[in-house]
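Here is a protein chain to read through step by step. Please look at how its helices pack and where empty space is left between its parts.

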Amino acid sequence: RVQSMIYRRAGISLHDGKQAMVYSRLSRRLRDTGYQSFRDYLGWLESAEVPEWQEFVNALTTNLTSFFRESHHFDVFSEILKSNGATTPIRVWCSAASTGEEPYSIAITVLESLGSETAVSITASDVDSKVLAAAQKGMYRLDGVKGVDPKRMQRFFFRGKGANEGWIR
């Protein structure tokens, strides 16, 4: 039932091996909403268009992200940008933006490839509303950006000081 609901709602295809993960994550939703059984909780969702639907999606979403994840994709993107030049505004959609590392990596790639005079628009979306809120803040733990070249770190990131020590933006 959960497989069918999450697929219809968000296009997420859960295979049978995810039963333990689904149980664990939805158990929290039951506690938070006061439902005593999965049957009652799922029935409530199916009976109305309630804000809980977004929490249901958020609970079942797995977010794997990092700056320049699968770096060869950014190398190819850079070559395409350079070969086409910056004659027209560039529009990019990052459809699974998670907490923002990928769209920020796209922005850095455009700047490195074409310079700061290029008109670029990046749309970042995700089915999980909580990760998008984190992406919009653009704040990351410093220890979470391992693998980012030190020159990129210096050029594109601000290091936190004082209360923000250990964070970058």
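Helix H2 gives the largest share of the lining of the second largest pocket, 3 residues. The model shown here is predicted. Helix H1 (2-10) is also a contributor, since H1 and H2 each supply at least two residues of that lining. The volume of this second largest pocket is about 180 Å³. Its lining consists of Arg-1, Val-2, Gln-3, Leu-14, His-15, Asp-16, Lys-18, Gln-19, Val-22, Tyr-23 and Leu-42. Sorted by class, these are 5 nonpolar, 3 polar and 3 charged residues.

Pockets like this are found by a simple idea. Rolling a probe the size of a water molecule over the atoms shows where empty space is left.

The largest pocket has a volume of about 510 Å³. It is lined by 23 residues, and those nearest its centre are Leu-64, Arg-69, Ser-95, Ala-96 and Glu-102. Three elements each supply at least two residues of this lining: helix H5 (71-84), strand S1 (90-94) and helix H6 (101-114). Of the elements, H5 gives the most, with 3 residues. The lining of the largest pocket has 12 nonpolar, 7 polar and 4 charged residues.

Next come the helices and how they pack. Two packed helices are described by the angle between their axes and the distance between the axes.

Take H1 and helix H3 (residues 38-47) to begin with. Their axes come within 12 Å and cross at roughly 30 degrees. Angles under 35 degrees count as roughly parallel, and H1 and H3 are therefore roughly parallel to each other. The crossing of H1 and H3 is left-handed. On the H1 side, Val-2, Met-5 and Arg-8 make the contact, and on the H3 side Leu-42, Leu-45 and Glu-46 do. This contact of H1 with H3 has 4 nonpolar residues, no polar ones and 2 charged ones. Val-2 and Leu-42 have already appeared above, in the lining of the second largest pocket.

H3 also packs against H2. Here the angle is about 75 degrees, and the axes of H2 and H3 are 10 Å apart. An angle of 65 to 115 degrees counts as roughly perpendicular, so H2 and H3 are roughly perpendicular to each other. From H2, the residues in contact are Tyr-23, Leu-26, Ser-27, Arg-29, Leu-30 and Thr-33, and from H3 they are Phe-38, Tyr-41 and Trp-44. By class, the contact of H2 with H3 comprises 6 nonpolar, 2 polar and 1 charged residues.

The remaining pair is H2 and H4. How do the axes of helix H2 (residues 19-33) and helix H4 (residues 52-60) cross? They come within 9 Å and cross at roughly 150 degrees. Because angles over 145 degrees count as roughly antiparallel, H2 is roughly antiparallel to H4. H2 passes H4 in a right-handed crossing. Val-22, Arg-25, Leu-26, Arg-29 and Thr-33 in H2 face their contacts in H4, namely Glu-52, Glu-55, Phe-56, Ala-59 and Leu-60. The contact of H2 with H4 has 5 nonpolar, 1 polar and 4 charged residues.

H2 can now be traced through several parts of the picture. Tyr-23 of H2 lines the second largest pocket and is part of the contact with H3. Val-22 lines that pocket too, and Val-22 is among the H2 residues that meet H4. Leu-26, Arg-29 and Thr-33 of H2 take part in the contact with H3 and also meet H4.

Definitions and conventions: Residues are numbered from 1 along each chain as its sequence is written. This is a predicted model: local features need pLDDT of at least 70, side-chain atom pairs count only at pLDDT 80 or more; totals for chains, interfaces and linings use all residues. Side-chain values use heavy atoms; hydrogens and water are left out. Axes are lines fitted to C-alpha atoms, for helices over the stretch in contact, and angles run from 0 to 180 degrees between N-to-C directions. Helices (H or I, at least four residues) and strands (E, at least two) are DSSP runs, numbered from the N terminus. A crossing is left-handed if the near helix is turned anticlockwise from the far one by less than a right angle, and right-handed if clockwise. Contact means heavy atoms within 4.5 Å. Ala, Val, Leu, Ile, Met, Phe, Trp, Tyr, Cys and Pro count as nonpolar, Asp, Glu, Lys and Arg as charged, and the others, Gly among them, as polar. On a 1 Å grid over the protein atoms alone, a cavity is a set of points where a 1.4 Å probe fits but cannot get out, and a pocket is an open set with protein on both sides within 12 Å along at least five of seven lines; lining residues have an atom within 4 Å of a point. Grid points are joined across faces, edges and corners, and a volume is the space filled by probe spheres set on the points.
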